[in-house]
Amino acid sequence: MATSGAAEADPDPVEREREQHDDHHQRRLASSLTARYSDWVLESLDELPGSFLLTDPALAGHPIVYASRGLAALTGYARREVLGRSARVFQGAATDRAAVAGVREAVRAQRTHQVAILNYRRDGSPHWVLLHLAPVFHARDGSVLHFLAVQVPIDDARRGAGAPPCRSAQGAVLAACREEARGDEDFPCSSHAGKMFVDMDKRGLEAEEPRVASDSEKEKAISTANCIVSALNRYSKLTGLVVSGKRCDSVGIPALSSSLNLSLGRIKQSFVLTHSCLPDMPIIYASDAFLSLTGYSREDILGCNFRVLNGPGTSLEALEEACTVDLLSYRKDGSSFRDLLHVSPIRDASGKVAFHIWVHLDVGAKHDFNGLTPDVWQLGAVGAVRVAVRGLSASGSLLRPSQ
């Protein structure tokens, strides 16, 4: 009996680790909003009408971090089923690739975009929506904090009795608006749009004709987006991090393009990027693993000097070549850790040093290097960043475009 009780009290370690990972992931998604707009913002967004979602380009995979109540009614997806996922979840076999490419380009250019697009519900049935994509900017430095996606269902009643209904229930139409918002936010992840869903139900595709949104539907999408940004602006003032629907640049720290943010977000190692051409080499990117290691938030760290961890700095003269140092670094709470720090220059397609990468490794912690040595593990991050930077610099997509 004692043995049985002990077994029941001690759950499967793999399952326990999975639950802890899920809890951490959910807290990270929630903090994407609460850390920037206060703890009350979720409640406020839930009260807003319309179908919409928010994505965070700074998180790995550019996931959905908020979905409005209307999403479930429109798509059949429960909120928990879409949070943390890419907006590609709403795309299907007949989703127009050109429409997706247009959204992807708007994300890269960090600009507002409207397009009629065929989305799919959870049961595989297609429906047409007007997708309104809008970036949410940091009012101080013009960086993109979130993408807002509003979805307004396109009414097909005026297109003739022969047109297939987009939704059988009127209540589901309103839900579709909210779903649109989520689909919109999901589209920021559409850099992977080439991977089309091949297992989607194709029912009714033959009957679906491309639709054009009416002026009233376009105005509704804009009005809904303005209300949402207004709410975000109001709550962001409580944290001192004011947001805006329009970019207001300030001199100082440039923001990375959404494309580069997406690429960097897939790298698992703990690292920061510093801008090599600016005075004092400020930090312009910090990975999720670095934030977990140090306890800093992105708002804490971006724009800071690379010596923010208070370890002995490497001289600027030595930074033209890669180097590795073993030093004592400090977390935000003041606790120290033995830091194996690897520093390498990152060159763009022209061969010019654009950034420096600082890969941090807590020597005293347990790590799974997949059979690699610690130094090779760190070099893996360096190589991945170099590939991303060189590829995007060739197309001029490293930094967000100025207006």
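The following dialogue goes through the terms applied to this predicted model and the values behind them.

Student: What should I keep in mind about how the model was treated?

Tutor: Because this is a predicted model, local features need pLDDT of at least 70 and side-chain atom pairs count only at pLDDT 80 or more, while totals for chains, interfaces and linings use all residues. Residues are numbered from 1 along each chain as its sequence is written, and side-chain values use heavy atoms, with hydrogens and water left out.

Student: How do you know how many helices and strands the chain has?

Tutor: Helices (H or I, at least four residues) and strands (E, at least two) are DSSP runs, numbered from the N terminus, and the chain has 12 helices and 11 strands.

Student: Why is Thr294 called buried or exposed?

Tutor: Buried means under 20% relative accessible area, exposed over 50%, and partly exposed in between, with a 1.4 Å probe and protein chains only; Thr294 has 1% relative accessibility and therefore counts as buried. Thr294 belongs to helix α10, residues 288-294.

Student: What makes the link between Thr294 and Phe290 a polar contact?

Tutor: A polar contact is a pair of N or O atoms within 3.5 Å; within protein, one must be able to donate a hydrogen and the other to accept it, and residues adjacent in sequence count only if both atoms are side-chain atoms. The side chain of Thr294 reaches the backbone oxygen of Phe290 at 2.9 Å. Under the separate term contact, meaning heavy atoms within 4.5 Å, Thr294 touches Leu309, Arg331 and Lys332, not counting residues up to four places away in sequence.

Student: Why is strand β10 described as largely enclosed?

Tutor: In strand β10, residues 336-347, 9 of the 12 residues are buried, so the strand is largely enclosed by the rest of the structure.

Student: How do you know which strands pair with β10?

Tutor: Two strands pair if DSSP finds at least two bridges between them. Strand β9 (residues 323-330) is joined to β10 by 8 bridges and runs antiparallel to it, with Asp326 opposite Leu340 in β10. Strand β11 (residues 353-362) is joined to β10 by 9 bridges, again antiparallel, and here His342 stands opposite Val359 in β11.

Student: What is found in the turns of these hairpins?

Tutor: The hairpin of β9 and β10 has 5 residues between the strands, and Gly334 in the turn has a positive phi of about 95°. The hairpin of β10 and β11 also has 5 residues between its strands, with Gly351 taking a positive phi near 95°.

Student: Which value of phi does Ser38 take, and why is Ser38 called buried or exposed?

Tutor: Phi of Ser38 is near 90°, a positive value in a residue other than glycine, and Ser38 lies in the loop between α2 (13-37) and α3 (41-46). Its relative accessibility is 7%, so Ser38 counts as buried.

Student: What can be said of His62?

Tutor: His62 is not a glycine, yet has a positive phi of about 50°, and His62 is placed in the loop between β1 (51-55) and β2 (64-67). With a relative accessible area of 0%, His62 is buried.

Student: How do you know how many disulfides there are?

Tutor: A disulfide is a pair of cysteine sulfur atoms within 2.5 Å, and by this rule the count comes to 0 disulfides. As for individual cysteines, Cys227 is partly exposed at 44% relative accessible area, and Cys277 counts as partly exposed at 45%.
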